[in-house]
Amino acid sequence: MSSSNVWTRSRARMKLFPELLAQCSGEAAAYGKCVASTTTGKQELTKNMCVKEFEALKSCFQSAAKKGVK
Amino acid sequence: MLPFPRARSGPLLRSVRCLSSRQGGAMNVFDRSMKRKQKQWASSLLDSDKYDYLRDEAGSRVADRVYDVSRTFPLALDVGCGKSHVAEHLSKVEPKCEIPGHCVLADEEFLPFKENTFDLVLSSMSLHWINDLPGALRQIYQVLKPDGVFIGAMVGGETLYELRCSLQLAELEREGGFAPHISPYTAVTDLGNLLGRAGFNMLTVDIDEVQVNYPGMLEVMSDLQGMGESNCAWTRKSLLHRDTILAAAAIYKEMYGNEDGSVPATFQILYMIGWKPHESQAKPAKRGSANVSFANLSKISKLQTVHQKTNEKP
């Protein structure tokens, strides 16, 4: 059994990512739509243009992660 | 074609390898020692067979093209053979045909073979990590015998454009700028030039698009890592923020996702065939040697029957 180091631990954490993201599909879709709309519109994409949707997605993701750990 | 947002200033949205500008100086785009380490890590994985699907598919199509050529090749070289995907498929067509092989560990940019050695050179899915592609093609040309053929497959063009765009948009929105995460690919139009400059004749270039569906962006990236295809360009960013990963995964699903929730990843595989010149090869006819006129195009069916009759005469 190989020793636990930062790479094995971070890789294990990344494996949980897809399940956690699946629990926040609504927020993810909203954020995706916001960014996608800027590609078709006249305004260019700048930093934090969709920050509200992203914050919602991030908080949903973090609460899913907290639930998962327990 | 997906409209790209235009950044006001900064690098090109899509980095394309500029091949026609440099004459002799070698380009140094990729960290080859890093690529070797990545490939060794990928092959040391316990489940490395899981990631062979793309190479297998490309290998089988290259083997098809080899069989399309109506010649036998006593001696062939497979550049960047990996797990010998092409050789496996070549021996499948003729059952119980053992192709004796010998593995040599070498660098694609420094082929350790004498000139005019091989009848056939193959290369499947390994040319996209070569720094000096014109030089490598010239070396392949040199190790070929006259009237030898080079059949290759490489990823190029719009490969992984979904991943590239999602990461770009996510980085723009989250961090205000972006760095290239997908390595630069050769465009189809450049490939013909490259082969011609290396000296090949009778070129054939075609594209195949392979679309693989994955559950999400993370699976795309981990499969690429398992294939040994992680980025090794010198300009790569060593860090991808978790916010950016989250944002990119959401964008990928929203912009490119299929109805069943999976996301596609496109691999554009460019297939190329080039021959080393030889007197026996057909050459373009001399100017003024035509004996049929374009004006007779409307009578072409009559011309064909006349041709058949003359052929049937004993």
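Q: Where in chain B is the place of B:Asp47?

A: Start with how the elements are named: helices (H or I, at least four residues) and strands (E, at least two) are DSSP runs, numbered from the N terminus. B:Asp47 is found in the loop between helix H1 (32-44) and helix H2 (53-68) of chain B. This is a predicted model, in which local features need pLDDT of at least 70 and side-chain atom pairs count only at pLDDT 80 or more, while totals for chains, interfaces and linings use all residues. Residues are numbered from 1 along each chain as its sequence is written, chains are lettered from A and ligands numbered from 1 in the order in which they are written, and side-chain values use heavy atoms, leaving out hydrogens and water.

Q: What does B:Asp47 count as, given its relative accessibility?

A: The scale has three steps: buried means under 20% relative accessible area, exposed over 50%, and partly exposed in between (1.4 Å probe, protein chains only). B:Asp47 counts as partly exposed because its relative accessibility is 34%. You can also relate B:Asp47 to another part of the chain: B:Gly226 is 179 residues apart from B:Asp47 in sequence, yet their C-alpha atoms are 8.9 Å apart in space.

Q: How many salt bridges are there over all chains?

A: Side chains of opposite charge can pair when their charged atoms come close. The rule used here asks for a side-chain nitrogen of Lys or Arg within 4 Å of a carboxyl oxygen of Asp or Glu. By that rule there are 18 salt bridges over all chains. One of them joins B:Lys83 to B:Asp52, with the closest N and O atoms 3.3 Å apart. That pair links distant parts of the chain, 31 residues apart: B:Lys83 is in the loop between S1 and H3 of chain B, and B:Asp52 is in the loop between H1 and H2 of chain B. B:Lys83 counts as partly exposed at 35% relative accessibility, whereas B:Asp52 is buried at 13%.

Q: Which residue forms a salt bridge with B:Arg55?

A: The partner is B:Glu229, and the closest N and O atoms are 2.4 Å apart. Here too distant parts of the chain are linked, 174 residues apart: B:Arg55 belongs to helix H2 of chain B, and B:Glu229 to the loop between helix H7 (217-226) and helix H8 (242-256) of chain B. Both B:Arg55 and B:Glu229 are buried.

Q: Is B:Glu108 buried or exposed?

A: B:Glu108 counts as buried because its relative accessible area is 12%. You will find B:Glu108 in the loop between helix H3 (85-93) and S2 of chain B. To see what it meets, use polar contacts (a pair of N or O atoms within 3.5 Å; within protein, one must be able to donate a hydrogen and the other to accept it, and residues adjacent in sequence count only if both atoms are side-chain atoms). The side chain of B:Glu108 makes such a contact with the side chain of B:Arg32 at 2.6 Å, and another with that of B:Ser126 at 3.5 Å. B:Arg32, B:Asp107, B:Glu108 and B:Glu109 are also linked in a network of salt bridges.

Q: Which residues of helix H4 of chain B are buried, and what do they pack against?

A: An α-helix has 3.6 residues a turn, so residues three or four places apart point the same way. In helix H4 (residues 133-143) of chain B, the buried residues include B:Leu133, B:Leu137 and B:Ile140. With contact meaning heavy atoms within 4.5 Å, the buried residues of H4(B) pack against strands S1 (76-79), S2 (118-124) and S3 (144-155) and helix H6 (188-198) of chain B.

Q: Which ring does the charged end of B:Arg65 sit over?

A: A charge sits over a ring if NZ of Lys or CZ of Arg is within 6 Å of the ring centre and within 35 degrees of the ring normal. The charged end of B:Arg65 sits over the ring of B:Tyr271, 3.9 Å from its centre. Likewise, B:Lys276 lies over the face of B:Tyr141, 4.7 Å from the ring centre.

Q: What do chain A and chain B bury between them?

A: The size of an interface is often given as the accessible area lost when the parts come together. Buried area is the accessible area (1.4 Å probe) that two parts lose on being put together, summed over both. Chain A and chain B bury about 2,200 Å², 67% of it on carbon and sulfur atoms. The contact takes 25 residues from chain A and 22 residues from chain B. Between the chains there are 2 salt bridges, one of them joining the side chains of A:Lys33 and B:Glu254 (3.7 Å, N to O). Helices H1 (6-22), H2 (25-40) and H3 (51-69) of chain A are the elements that give two or more residues to the side of chain A that touches chain B. H2(A) gives the most to that side, with 8 residues.
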